Amino acid sequence: MPRETQREDPAHGKSILVLEDDPTIRLALAELFKMEGFAAEMAEHGMDALRRIKNGYRPCLIILDLMMPNMDGIQFMDEIRRIPGAADTPVVVLSGDGRAKEKIAGRKVAETITKPVDIDRLIDLARRYC
């Protein structure tokens, strides 16, 4: 009986979490990352994403909107930094809020990008961190 060979997943180890409440933006970003060879998980709010991370999901990068229902981006960042194995996950904040940098001051953030998103810059960050 021939032995099956396991196919290597090209996105293995390169999963990006897109945490965004706007479904159009969330899906567009996830599709963009997939077209660039990354795996992408999507979450609508911080509580959903936090549950996944507490259950062992470890993305190489988190794309985070600040303004979301249930648990906003700042609360999410504060919570993830308390989880062993996830605390050092790079976070790129996406926000339409002109005061985003002020709001996240003192928190460990890899980068802050204002909306509308510069796609080339976002892909470069994904390649850098993943």
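## Strands side by side

Asp-65 has a bridge partner over in β4, and that partner is Leu-94. This pairing belongs to a predicted model. Asp-65 sits in strand β3, which covers residues 61-65, and strand β4 covers residues 91-95. The two strands run parallel, and four bridges join them.

Now step back to the whole sheet. It's an open one with five strands, in the order β2-β1-β3-β4-β5, and the pairing is parallel. At the edges you'll find β2 (39-43) and β5, each of which pairs on one side only. Neighbouring strands aren't perfectly lined up: ignoring direction, they're turned by 20 degrees against each other on average. As general background, strands of a sheet pair through backbone hydrogen bonds, and they can do so in a parallel or an antiparallel way.

## Helices across the sheet

Two helices are worth picking out here. Helix α3 lies across β1 (15-19), β3 and β4, and it runs at about 150 degrees to β3. Helix α5, made of residues 119-129, lies across β1, β3, β4 and β5. Its direction is about 160 degrees from that of β5.

## Salt bridges inside helices

Side chains of opposite charge can pair when their charged atoms come close. In this model the count comes to eleven salt bridges, so let's look at a few of them.

Take helix α1 (residues 23-35) to begin with. Glu-31 and Lys-34 both lie in it, three residues apart, which is about one turn of the helix. Their side chains meet in a salt bridge, with 4.0 Å from N to O. How accessible is Glu-31? Its relative accessibility is 38%, so it counts as partly exposed. Lys-34 is partly exposed too, because its relative accessible area is 41%.

Helix α2 (residues 46-54) holds another pair: Asp-48 and Arg-52, four residues apart, again about one turn of the helix. The N to O distance in this salt bridge is 3.1 Å. Are Asp-48 and Arg-52 buried or exposed? Both of them are buried. They also have company, since Asp-48 and Arg-52 are linked with Glu-41 and Arg-51 in a network of salt bridges.

## A salt bridge between separate parts

Asp-78 forms a salt bridge with Arg-107, and the closest N and O atoms are 2.8 Å apart. Where do the two residues lie? Asp-78 is in helix α3 (residues 73-80), while Arg-107 is in the loop between α4 (100-103) and β5 (111-114), so the pair ties together parts that are 29 residues apart in sequence.

With a relative accessibility of 30%, Asp-78 counts as partly exposed. Arg-107 is partly exposed as well, at 29% relative accessible area.

## The disulfide

A disulfide is a covalent bond between the sulfur atoms of two cysteines. The count here comes to one disulfide. Which cysteines form it? They're Cys-60 and Cys-130, with their sulfur atoms 1.9 Å apart. Cys-60 lies in the loop between α2 and β3, and Cys-130 lies in the segment after α5, so this pair ties together parts that are 70 residues apart in sequence.

Why is the disulfide right-handed? Because the torsion about the S-S bond of Cys-60 and Cys-130 is about 90 degrees. As for accessibility, Cys-60 counts as buried, at 12%, whereas Cys-130 counts as partly exposed, at 24%.

How values were computed:
Residues are numbered from 1 along each chain as its sequence is written. This is a predicted model: local features need pLDDT of at least 70, side-chain atom pairs count only at pLDDT 80 or more; totals for chains, interfaces and linings use all residues. Side-chain values use heavy atoms; hydrogens and water are left out. Buried means under 20% relative accessible area, exposed over 50%, partly exposed in between (1.4 Å probe, protein chains only). Two strands pair if DSSP finds at least two bridges between them. Axes are lines fitted to C-alpha atoms, for helices over the stretch in contact, and angles run from 0 to 180 degrees between N-to-C directions. Contact means heavy atoms within 4.5 Å. A disulfide is a pair of cysteine sulfur atoms within 2.5 Å.
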